[in-house]
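Colleague: I should be grateful for a close look at a single part of this model. Please describe one residue and then the surroundings to which it belongs.

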Amino acid sequence: MTAFAAADGRRLWKFQDIGVQDPKGATVGAPYRVLPAGKTAVVQRERAFYAFPVE
């Protein structure tokens with residue numbers, strides 16, 4: 001996932017969840033779910049949750 005500033009298109013941050021080591025592991029094919037929460041984007045993938053700043 002990569003976040004870009006809406007005003008000027010500059011990259012704000014980049015994130016990649018590597019999942020499990022086994023290429024056939026459950027988290028490799030698991031979809032991401034993004035939930036906006038004010039100035040934060042909460043991202044869920046399987047049982048992992050991440051919070052990222054957004055402008």
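Modeller: I shall take Val34, which stands opposite Val43 in β4. The model is a predicted one, and what follows should be read as a description of that prediction. Val34 itself is part of strand β3. With a relative accessibility of 51%, Val34 is classed as exposed, because the threshold for that class is over 50%. Val34 also contributes to a nonpolar surface patch, in which Met1 and Tyr32 are the other members. Together these residues present about 250 Å² of accessible area.

The strand may be considered next. β3 spans residues 33-37 and pairs with β4, residues 40-45, in the antiparallel sense through five bridges. In general, strands of a sheet pair through backbone hydrogen bonds. Besides the pair formed by Val34 and Val43, Ala37 is set opposite Thr40 in β4. The two strands form a hairpin with two residues between them, and Gly38 adopts a positive phi near 65° there.

The wider setting is an open sheet of three strands, ordered β3-β4-β5 and paired in the antiparallel sense. Within the sheet, β3 and β5 (48-53) occupy the edges and have a single partner strand each, so one side of each lacks a neighbour in the sheet. From one strand to the next, the twist averages 25°. Val34 is thus placed in β3, a strand at an edge of the sheet, and belongs to the nonpolar patch on the surface.

Note on methods: Residues numbered from 1 in each chain as written. Predicted model: local features only at pLDDT ≥ 70, side-chain atom pairs only at ≥ 80, totals over all residues. Heavy atoms only, no water. Pairing = 2+ DSSP bridges. Helix = DSSP H or I, 4+ residues; strand = E, 2+ residues; numbered from the N terminus. Axes fitted to C-alpha atoms, helices over the stretch in contact; angles between N-to-C directions. Patch = residues over 30% accessible without salt bridge, like charges linked within 9 Å, V, L, I, M, F, W, Y side chains within 5 Å. Areas by Shrake-Rupley, 256 points an atom, 1.4 Å probe, with all protein chains shown as cover. Salt bridge = Lys/Arg side-chain N within 4 Å of Asp/Glu carboxyl O. Buried < 20%, exposed > 50% of the residue type's maximum accessible area, 1.4 Å probe, protein only.
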